[in-house]
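Trainee: Please take one part of this model and examine it closely. I should like to know how it is built and what lies around it.

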Amino acid sequence: DGEAPKEKRKDKKDGKSEAKQFGKALTEEVDDRVRNGEKPSGTHCDILVGKADEVAKQDKTSSSFKPSVSSTPLEVYVTVSLKAKNLKRVLAKVSVLADLCHQRAYRATDNIDVHHDAKPHFRAEIELVLSPEQMK
């Protein structure tokens with residue numbers, strides 16, 4: 001039956017696709033929280049928002065984001081992409097992400113990219129480092 005190939009593919013699932021799914025799930029969670037009006041604050045938020053804001057000042061119109069490659073199985077790099085109509089909204093999402101990281105002990109790296117298109121819609125890519133246990 002047609003189910004067999006799907007099963008095979010599942011077995012081959014490597015950490016990368018898992019990290020991608022995890023990043024997507026985090027993006028969705030951040031979007032939901034922002035939609036629900038969450039406005040977290042605290043030093044942890046300020047730091048990450050500050051970093052993203054610094055990058056945004058470079059006024060880039062294309063992404064120069066390069067995902068890191070883990071040299072150890074104990075570290076999983078997860079990229080979270082945040083999109084919004086303007087910088088202020090993207091930074092609000094960054095703040096919510098920082099709060100999530102703070103609550104769950106995820107570590108945001110300095111690998112952050114912020115760029116915008118002509119509209120200008122802004123997009124921020126922020127890389128987190130997690131242990132495999134945190135992905136479960």
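Mentor: A word on names comes first: helices and strands here are runs assigned by DSSP, with at least four residues for a helix and at least two for a strand, and they are numbered from the N terminus. The model is a predicted one. Its protein chain contains four helices and three strands, arranged along the sequence as α-α-α-β-α-β-β. Of its 136 residues, 38% are buried. Among contacts with a separation of 6 or more, 79% join residues 24 or more positions apart.

The part I propose to examine is the sheet. Its three strands form an open sheet with the order E1-E3-E2 and antiparallel pairing. Strand E1 (76-84) and strand E2 (107-116) are the edge strands, each pairing on one side only. On average, neighbouring strands of the sheet are turned by 20° against each other, with direction ignored.

Consider next the pairings themselves. E1 and E3 run antiparallel and are joined by nine bridges. E2 pairs with strand E3 (residues 122-130), again in the antiparallel sense, over seven bridges. Leucine 128 of E3 illustrates the arrangement: it is the bridge partner of valine 78, and alanine 108 stands opposite it. E3 is mostly covered, with eight of its nine residues buried.

The connection between E2 and E3 deserves attention. These two strands form a hairpin, with five residues between them. Proline 120 belongs to the loop that links E2 and E3, and the peptide bond leading to it from lysine 119 is cis, with an omega near -5°. As a rule, most peptide bonds are trans, and most residues other than glycine have a negative phi.

Two residues in other loops have a positive phi. Aspartate 59, in the loop between H3 and E1, has a positive phi of about 55° although it is not a glycine. Alanine 105, in the loop between H4 and E2, has a positive phi of about 60°, and this residue is not a glycine either. Are these residues buried or exposed? The cut-off for exposed is a relative accessible area over 50%. Aspartate 59 is therefore exposed, at 51%, and alanine 105 is exposed, at 57%.

Returning to the strands, aspartate 110 is located in E2. With a relative accessible area of 60%, aspartate 110 counts as exposed. Aspartate 110 and alanine 52 are separated by 58 residues in sequence, yet their C-alpha atoms are 9.2 Å apart in space.

What packs on the sheet? Helix H3 (residues 43-56) does so, touching E2 and E3, and its direction makes about 35° with that of E2. H3 has a helical partner as well. In general, a pair of packed helices is described by the angle between their axes and the distance between those axes. For H3 and helix H4 (residues 87-104), the angle is about 140° and the axes are 8 Å apart. Why is H3 described as oblique to H4? Angles over 145 degrees count as roughly antiparallel, and 65 to 115 as roughly perpendicular; an angle of about 140° falls in neither range, so H3 is oblique to H4. The crossing of H3 past H4 is right-handed.

The residues that make this contact can be listed by helix. H3 contributes His44, Cys45, Leu48, Val49, Ala52, Asp53 and Ala56. From H4 come Leu87, Leu91, Val94, Ser95, Leu97, Ala98, Asp99 and His102. By class, the contact comprises 10 nonpolar, three polar and two charged residues. Ala52 thus appears in two descriptions: as one of the H3 residues in contact with H4, and as the residue whose C-alpha is 9.2 Å from that of aspartate 110.

To draw the picture together: E3 lies between E1 and E2 in the strand order, H3 packs on the sheet by touching E2 and E3, and H3 in turn packs with H4.

Key
Residues are numbered from 1 along each chain as its sequence is written. This is a predicted model: local features need pLDDT of at least 70, side-chain atom pairs count only at pLDDT 80 or more; totals for chains, interfaces and linings use all residues. Side-chain values use heavy atoms; hydrogens and water are left out. Two strands pair if DSSP finds at least two bridges between them. Axes are lines fitted to C-alpha atoms, for helices over the stretch in contact, and angles run from 0 to 180 degrees between N-to-C directions. Contact means heavy atoms within 4.5 Å. Angles under 35 degrees count as roughly parallel, over 145 as roughly antiparallel, 65 to 115 as roughly perpendicular and the rest as oblique. A crossing is left-handed if the near helix is turned anticlockwise from the far one by less than a right angle, and right-handed if clockwise. Ala, Val, Leu, Ile, Met, Phe, Trp, Tyr, Cys and Pro count as nonpolar, Asp, Glu, Lys and Arg as charged, and the others, Gly among them, as polar. Buried means under 20% relative accessible area, exposed over 50%, partly exposed in between (1.4 Å probe, protein chains only).
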